[in-house]
Amino acid sequence: MSTTTGHVIQTPSAPASLQSNDIFSAFIAGGIAACGAVTVTHPFETVKIRLQLQGELQSKQVAPRLYKGVLHGVSVIFKNEGPGGLFRGIGAAYIYQMILNGCRLGFYEPVRKGITTAVFKDANVQSLGVNIFAGASSGIIGAAAGSPFFLVKTRLQSFSPFLPVGTQHGYKNAVDGMSKIWQSEGLKGLYRGVGPAMIRTGFGSSVQLPTYFFAKRRLVKHVGMKEGPALHLTSSACSGFVVCCVMHPPDTVMSRMYNQTGNLYSGLFDCLFKTIRTEGVLAIYKGFFAHLARILPHTILTLSLAEQTNKLVRRFEARVLPSAVKEKI
Ligand SMILES: *[C@@H]1O[C@H](CO)[C@@H](O)[C@H](O)[C@H]1NC(C)=O
């Protein structure tokens, strides 16, 4: 969501001469869009992490409630720590987005082509299932590659001189955090929590496009909406909601694994079971609304943008490409 979430809408493959240029401009455009969305929604991400960590492994009766919800969280952080408090870890968030975005663009087409060729004996066949699989696996690769940045980001965001939750590492910035982890724990420390991070992104990436297309079809059929920005906005909002529902439990596990320094949980399922046992089932949805406030704008922006760039690509092809090439596409 970008998110962190997979947002490759299938564009017909262009001839080789166009492709590298296309990928480069897609990388830049996608990167700018993702970082723009991250900037706007980062305060909610900060609140989300503090909500997910607050009261960890404590029963509801004794758990502190320093942050009471999305709006309370934003206002309390703003009051105590200023805008800088809400934007802790934004540098690491940008780097993570660029890595994720780069991996999606770089791995999507090779993975799609490889599987399509193996299954259909023809790389040009477009299969929704294969495309979704390629989107999800390239997202998972990106999540694994970018995990150290997400780890440092999480720790920077949970740091607060006023209402602290989680381990207070006191890193100065992303680079300082990463070098401190590298010195004390090595590679293993940097890749702490990479499992839930991959699962979280895999869940989100594989659900996003199918729900988007599903919502779109239903809205056209039952509500009578026409192709256009309003339809894109509504369908992407539906998709964002579902993405948040499936992504949030592994996201909570991830935040908690990122917080620990190695003694609380032995792994993903251990964290999940301990959390449910001590805090109740709903604990895995702590911070859900903060997450939603982050994912909705992100999904709406990236999916609507993808529709627009797709339209541009199609218009460009209709005008420039000779019909002989078009028939093959
Ligand atoms: C964060 O991690 C530390 C160290 O592993 C642990 O003691 C603590 O309970 C965790 N959670 C919070 C909310 O501090």
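A cavity is a set of points where a 1.4 Å probe fits but cannot get out, and its lining residues have an atom within 4 Å of a point. The views below come from a predicted model.

**View 1. The largest cavity and its lining.** The largest cavity holds about 80 Å³ of space. Its lining is made of 11 residues. Val38, Ala93, Gln97, Lys153 and Arg294 are the ones nearest the centre of this cavity. Three elements each give two or more residues to the lining: α1 (16-53), α3 and α4. Helix α1 supplies the largest share, four residues. By type, the lining of the largest cavity splits into four nonpolar, four polar and three charged residues.

**View 2. Lys153 and the ring of Phe150.** Lys153 is one of the residues nearest the centre of the largest cavity. Here the view turns to its charged end. That end sits over the ring of Phe150, 4.4 Å from the ring centre.

**View 3. Tyr96 meets Phe150.** By the ring-pair rule, the model has seven aromatic pairs. One of them joins Tyr96 and Phe150, edge-to-face. Their ring centres are 4.6 Å apart, with 80° between the planes. Tyr96 belongs to helix α3 (residues 90-120), and Phe150 to helix α4 (residues 128-158). The two residues are 54 apart along the chain, so this pair links distant parts of it. Are Tyr96 and Phe150 buried or exposed? Both are buried.

**View 4. Phe241 meets Phe288.** The ring centres of Phe241 and Phe288 lie 6.3 Å apart. Their planes stand at 90°, so this pair is edge-to-face; the cut-off for that class is over 60 degrees. Phe241 sits in helix α7 (residues 229-259), while Phe288 sits in helix α9. The pair therefore ties together parts 47 residues apart in sequence. Phe241 has 41% relative accessibility, so it counts as partly exposed. Phe288 has a relative accessible area of 10% and is buried. The contacts extend beyond this pair: ring pairs link Phe241, Tyr285, Phe288 and Phe289 into a cluster.

**View 5. Asp251 and Lys48, a salt bridge between helices.** The model has 15 salt bridges by the rule used here. One is formed by Asp251 and Lys48, whose closest N and O atoms are 2.8 Å apart. Asp251 is in helix α7 and Lys48 is in helix α1. They are 203 residues apart, and the bridge links distant parts of the chain. How accessible is Asp251? Its relative accessibility is 0%, so Asp251 counts as buried. Lys48 is buried too, with a relative accessible area of 1%.

**View 6. Glu279 and Arg256, another bridge that reaches helix α7.** Glu279 forms a salt bridge with Arg256. The closest N and O atoms of this pair are 2.8 Å apart. Glu279 lies in helix α8 (residues 268-279), and Arg256 lies in helix α7. These partners are 23 residues apart, and they link distant parts of the chain. Glu279 is buried at a relative accessible area of 6%. Arg256, at 0% relative accessibility, also counts as buried.

**View 7. Asp270 and Lys274, a bridge within one helix.** Where do the two partners lie? Both are in helix α8, four residues apart, which is about one turn of the helix. The closest N and O atoms of Asp270 and Lys274 are 3.1 Å apart. Lys274 counts as partly exposed, because its relative accessibility is 27%, and buried would need under 20%.

**View 8. A network of salt bridges.** Some salt bridges share partners, and these join Glu45, Lys48, Lys153, Arg200, Asp251 and Arg294 into one network. The bridge between Asp251 and Lys48 was shown in View 5. Lys153 and Arg294 appeared in View 1, among the residues nearest the centre of the largest cavity.

**View 9. The second largest pocket.** This pocket has a volume of about 490 Å³. Its lining counts 20 residues. Gln54, Arg65, Leu282, Lys286 and Gly287 lie nearest its centre. Which helix gives the most to this lining? Helix α9 (residues 288-320) does, with three residues. The lining of the second largest pocket divides into 11 nonpolar, four polar and five charged residues.

Conventions. Residues numbered from 1 in each chain as written. Predicted model: local features only at pLDDT ≥ 70, side-chain atom pairs only at ≥ 80, totals over all residues. Heavy atoms only, no water. 1 Å grid on protein atoms, 1.4 Å probe; cavity = no way out; pocket = protein on both sides within 12 Å on 5 of 7 lines; lining within 4 Å. Points joined across faces, edges and corners; volume = space filled by probe spheres on them. Nonpolar A, V, L, I, M, F, W, Y, C, P; charged D, E, K, R; others polar. Phe/Tyr/Trp six-rings, centres within 6.5 Å; stacked < 30°, edge-to-face > 60°. Buried < 20%, exposed > 50% of the residue type's maximum accessible area, 1.4 Å probe, protein only. Lys NZ or Arg CZ within 6 Å of the ring centre and 35° of its normal. Salt bridge = Lys/Arg side-chain N within 4 Å of Asp/Glu carboxyl O.
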